[in-house]
Amino acid sequence: MAYDAGNSPEQKRGNRYQAGSYQSSGNYQPPAVQGTYAEQQTQVMEDTMRTHYNAEGTAATVLSQLTTQRQQLTGAHENVWEMRQAAEKAKKDLASLAAKQRWKKQRLQLIAMVLAVIDLFLFIRLLRCGGSFFCKQQVEYYGNR
């Protein structure tokens, strides 16, 4: 199967061997070895130690950034926990307020029913007593004649 230039599967997937190498990033400088074998080995060791120190510095920077991110995530986790606790408390408070409102409504309905019964009794009394609250004669309610 033939591939066009620039359309190979490796290029589409971002082949790790084509790019991303520390040597092709532009920061890597190969050691310029000159002199005797011992001098060349010394230069290579110095370059290796330099690379090691740079790697240690990069690792320390990454560790510091990760520590900062962990603190941020821990703080965010605590904020979420506090918000959940506040939401739970608000939910309980709302339920309590709803129960109080329901109780007051039932009490008002009971008072309204009692007043309606009293009003009905007084209305019947007005009808029986000829428009006066105080009857001048004894009214028979149950047919005692």
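Which residue forms a salt bridge with D93? In this predicted model, the partner is K89, and the closest N and O atoms of the pair are 3.1 Å apart. Both residues sit in helix α2, 4 residues from each other, or about one turn of the helix. As for their surroundings, D93 is partly exposed at 37% relative accessibility, while K89 is exposed, with a relative accessible area of 52%. K89 earns that label because exposed residues are those over 50%.

If you are tallying such contacts, the structure holds 2 salt bridges. Let's turn to R50, which pairs with D47; here the closest N and O atoms lie 3.7 Å apart. That pair also belongs to helix α2, where a spacing of 3 residues puts about one helical turn between R50 and D47. Their exposure is worth a look too: R50 is partly exposed, with a relative accessible area of 48%, whereas D47 has 13% relative accessibility and counts as buried. The cut-off explains the label for D47, since buried means under 20% relative accessible area.

Now follow helix α2, which covers residues 37-128, to a nonpolar stretch of surface. A patch there is formed by L108, L110, I111, M113, V114, L115, I118, F121 and L122. Together these residues offer about 860 Å² of accessible area. I118 makes a handy example, as a member of the patch that is found in helix α2. With a relative accessible area of 41%, I118 is partly exposed. I118 can therefore count towards a patch, for which a residue needs over 30% relative accessible area and no salt bridge.

How values were computed. Residues numbered from 1 in each chain as written. Predicted model: local features only at pLDDT ≥ 70, side-chain atom pairs only at ≥ 80, totals over all residues. Heavy atoms only, no water. Patch = residues over 30% accessible without salt bridge, like charges linked within 9 Å, V, L, I, M, F, W, Y side chains within 5 Å. Areas by Shrake-Rupley, 256 points an atom, 1.4 Å probe, with all protein chains shown as cover. Salt bridge = Lys/Arg side-chain N within 4 Å of Asp/Glu carboxyl O. Helix = DSSP H or I, 4+ residues; strand = E, 2+ residues; numbered from the N terminus. Buried < 20%, exposed > 50% of the residue type's maximum accessible area, 1.4 Å probe, protein only.
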